[in-house]
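Good morning, and thank you for the time. I would like to walk through one structure with you, beginning with its backbone and ending with its interior.

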Amino acid sequence: MNLKAKNTMYFFTIEPYVYVDIKKNKCLLYNTINNEKIITSNKFVVNMLKIIKRFSIAQKISLYEIKKYNLLDFFSNVKKYYIGDLLIIDNLSNKPPVIQRKKIENKYDATFLRLGDVKVDILSIVKEVNLFFLNECKSKCDICTTAYTQTTHCYNKKFKKVDYEKIVDFLRPIVKLKRSVKFNFVTNDLSNLDLLNFLKITSNSIHQKEIIVNIDNYNQDIVKKIFDNKLISSLKILINRTNKIPTNMELVNSLEFKQSVKYNLLVENDTDLTYYKKIMNKFKISNYNFTPIYNKQNYQFFKNNVFLNDENIFKNKLSMKQILFNQNFNVFNMGKLYILQNGDVLTNLNKKKIGNIKTSKINDIVYNELVAGKAWRLLRQNIVPCKSCLLCNVCPPVSNYELTIGRNDLCQVNV
Ligand code: SF4
Ligand code: SF4
């Protein structure tokens with residue numbers, strides 16, 4: 001770092017694309033363009049940053065202070081990582097530069113949402129609708145009572161059903177918007193008549209439709225008919241370690257529409273991983289993903305494979321927009337609705353219902369969740385211990401794993 005004469009005064013400025021947070025007398029400076037970061041607990045820097053954050057103007061600092069408070073390395077990194085600058089103050093212009101800080105204001109009423117300058121229909125927030133068509137199930141998966149709170153999955157439950165046409169009516173305002181909402185139909189019985197009728201009467205109005213079913217409940221004839229009649233666009237097969245995989249897998253793999261089939265493999269330990277990889281290789285399947293499932297006995301597996309660390313939190317570059325989004329919404333839950341056969345509507349299966357299609361309007365449900373939602377607005381900055389953590393707005397949002405395990409900080413970080 002090339003510092004000039006002894007008495008030189010500087011303005012310390014921060015670039016507008018740098019995210020700054022201060023917690024417990026530590027601060028994070030994160031460059032959203034190149035993914036570089038500085039974390040420091042130097043008191044002098046923390047105090048300067050507190051003022052910069054509050055007033056958005058550059059702070060004066062002398063060469064004497066830079067040396068006295070051991071800030072040479074800090075400022076050298078600030079420059080190296082394009083996080084900010086030290087500008088020499090000449091006698092003619094000693095007015096501090098203003099630091100542009102981006103703010104997005106969210107405003108909404110029961111009809112519209114305004115994000116900055118953009119105004120959108122409040123229903124356009126809905127991105128995914130998960131409908132459950134469940135019967136009593138003959139399969140005996142040992143994850144039946146645990147998987148559905150962690151991933152989109154069937155479970156064994158008999159509901160007092162509402163008429164499926166009432167569900168269609170409830171969803172009509174969303175369907176009318178003609179946007180790309182994804183509809184998932186979760187079932188444990190492909191011959192479920194409500195499901196088949198629902199698919200038929202929405203065949204021209206809903207386009208992105210996926211059936212999610214366990215491999216043991218697969219029925220080749222029904223699936224063929226459904227695809228032949230263009231009632232769905234894709235099929236997701238769930239597989240867990242208690243399933244009898246090979247026979248049905250051969251059937252699925254012989255399907256004419258097999259390009260539209262994907263697999264969600266539920267993993268509880270390392271042995272599962274090895275086993276599934278073998279099976280997928282055997283059937284030459286590449287369209288699959290692994291979903292870890294917590295079963296109360298595999299905490300160590302989660303610690304090794306799911307817990308966050310410094311490396312994976314900063315693995316992908318985060319834009320300022322994404323960080324601002326994290327301060328307002330939970331990106332995992334945002335825009336997702338779950339509708340059970342009794343008409344209950346939820347925004348997360350780990351949370352209580354937020355309405356029922358018989359008594360609520362979809363606009364009201366979306367508006368209430370936006371204003372005070374327990375899922376769409378589930379933010380790390382509001383929960384213990386994350387709210388005191390420097391990384392709370394750059395860390396991935398709270399997922400179903402935290403809710404299932406009952407611990408918000410599934411992480412091993414050193415900040
Ligand atoms: S197929 Fe689904 S509903 Fe049936 S036992 Fe397995 S997890 Fe439960
Ligand atoms: S304490 Fe919370 S915010 Fe901090 S790293 Fe862990 S999970 Fe993320």
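Please look first at proline 385, which sits in the loop between α12 (362–372) and α13 (400–405). I should say at once that this is a predicted model. A cis peptide bond joins valine 384 to proline 385, with omega at about 0°. As background, most peptide bonds are trans, and most residues other than glycine have a negative phi.

That brings me to residues with a positive phi. Tyrosine 82, in the loop between α3 (72–80) and β6 (84–88), has a phi near 55°. Lysine 284 is not a glycine either, yet its phi is positive, about 55°. Lysine 284 belongs to the loop between α8 (270–282) and β15 (288–292).

Are these two residues buried or exposed? Tyrosine 82 is partly exposed, because 14 other C-beta atoms lie within 10 Å, and a residue counts as exposed with 12 or fewer. Lysine 284 has 7 C-beta neighbours inside 10 Å and therefore counts as exposed.

A further positive phi, near 55°, is found at lysine 230, which follows α6. Let us turn to that helix. Which residues of α6, spanning 220–228, are buried? They are Val223, Ile226 and Phe227. These three lie on the same side of α6, because they cover an arc of only 95° around the axis. The general principle is that an α-helix has 3.6 residues a turn, so residues three or four places apart point the same way. The buried residues of α6 are covered by elements including α5 (193–201) and β13 (234–239). On the face turned away from the buried side, α6 carries the exposed residues Asp221 and Asp228.

Next, the surroundings of ligand 1. The residues around ligand 1 include Cys137, Cys141, Cys144 and Cys154, together with Asn188, Asn214, Asp216 and Asn217. By character, this shell divides into five nonpolar, five polar and two charged residues.

Finally, the interior. The largest nonpolar core has 69 residues, and Leu131 and Ile339 have the most contacts inside it. What does leucine 131 touch, leaving aside residues up to four places away in sequence? Its contacts are Ile167, Phe183, Phe185, Val186 and Ile339. Apart from the largest core lies another, of 29 residues, with Val45, Ile61, Cys392 and Val394 among them.

Thank you for your attention.

Note on methods. Residues are numbered from 1 along each chain as its sequence is written. Chains are lettered from A and ligands numbered from 1 in the order in which they are written. This is a predicted model: local features need pLDDT of at least 70, side-chain atom pairs count only at pLDDT 80 or more; totals for chains, interfaces and linings use all residues. A residue is buried if 20 or more other C-beta atoms lie within 10 Å of its own, exposed if 12 or fewer, and partly exposed in between; C-beta atoms are placed from the backbone. Helices (H or I, at least four residues) and strands (E, at least two) are DSSP runs, numbered from the N terminus. The arc is that of the directions from the helix axis to the C-beta atoms. Two residues are in contact if their C-beta atoms, placed from the backbone, lie within 7 Å. A residue is near a molecule or strand if its C-beta atom, placed from the backbone, lies within 6 Å of it. Ala, Val, Leu, Ile, Met, Phe, Trp, Tyr, Cys and Pro count as nonpolar, Asp, Glu, Lys and Arg as charged, and the others, Gly among them, as polar. A nonpolar core is a set of buried Ala, Val, Leu, Ile, Met, Phe, Trp, Tyr and Cys residues joined through C-beta atoms within 7 Å.
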